[in-house]
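Hi there,

Here is the structure I promised to pass along. Could you have a look at it before you read my notes underneath?

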Amino acid sequence: LPETRKLAKHYGECRPCPKCTNAEHIDHRNCNDKILYIRIHQLNQPPKALATSTILRTLSHELAHLREWEHGKNHRAFDREIIAFIRDLGYDI
């Protein structure tokens, strides 16, 4: 994604695929082909990478959207499961 002021507020994003976004009869929250975007460097500063823990936490949050679209308790619970899995792999987040 091109970096914009809107993205400056976000480290990642989960979007429905273009087919679901453009279809009037499909609820985009139920899209099976969601697309994840994760920013790995500071906005407009490619040489300065984000911290690994920030990237992994963002990835976890966006992966949780694949199962739970809304930011409710189910999303938070699944996000915590993913973070626990990442920690089990040996990453410090």
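Below is what turned up when I went through the structure.

First, a caution: this is a predicted model, so please read everything here in that light.

Let me begin with the nonpolar core. The largest one is made up of seven residues: L56, A64, F78, I82, I83, I86 and I93. Two elements, α3 (52-67) and α4, each give two or more residues to this core. The most comes from α4, with four residues. As general background, nonpolar side chains in soluble globular proteins tend to be buried together. If you would like one core residue to click on, try I86: beyond its neighbours within four places in sequence, I86 is in contact with L56, S60, Y91 and I93.

F78, one of the core residues, has another partner. The charged end of R67 sits over the ring of F78, at 3.7 Å from the ring's centre. Aromatic pairs are another matter, as a search of the whole structure finds zero of them.

Next along the chain is D79, which lies in helix α4 (residues 73-88). Is D79 buried or exposed? D79 counts as buried because its relative accessible area is 15%, and the cut-off for buried is under 20%. Leaving out neighbours within four places in sequence, the contacts of D79 are S60, H61 and A64. E68 is eleven residues from D79 in sequence, and their C-alpha atoms are 9.5 Å apart.

The cysteines may catch your eye. A disulfide is a covalent bond between the sulfur atoms of two cysteines. How many disulfides does a search of the whole structure find? The search finds zero. Why do C20 and C31 not count? The sulfur of C20 has its closest cysteine sulfur in C31, at 3.4 Å, which is too far for a bond, because the cut-off is within 2.5 Å. Both residues are buried, with a relative accessibility of 6% for C20 and 4% for C31.

Finally, the charges: the count comes to one salt bridge. In that bridge the side chains of R15 and E13 meet, with 3.0 Å from N to O. R15 is partly exposed, at 32% relative accessibility, whereas E13 is buried, at 18%.

Happy to talk any of this through whenever suits you.

Best wishes

Notes
Residues are numbered from 1 along each chain as its sequence is written. This is a predicted model: local features need pLDDT of at least 70, side-chain atom pairs count only at pLDDT 80 or more; totals for chains, interfaces and linings use all residues. Side-chain values use heavy atoms; hydrogens and water are left out. Rings of Phe, Tyr and Trp (its six-membered ring) pair if their centres lie within 6.5 Å; planes under 30 degrees apart count as stacked, over 60 as edge-to-face and the rest as tilted. A charge sits over a ring if NZ of Lys or CZ of Arg is within 6 Å of the ring centre and within 35 degrees of the ring normal. Buried means under 20% relative accessible area, exposed over 50%, partly exposed in between (1.4 Å probe, protein chains only). Contact means heavy atoms within 4.5 Å. A nonpolar core is a set of buried Ala, Val, Leu, Ile, Met, Phe, Trp, Tyr and Cys residues joined through side-chain atoms within 4.5 Å. A salt bridge is a side-chain nitrogen of Lys or Arg within 4 Å of a carboxyl oxygen of Asp or Glu.
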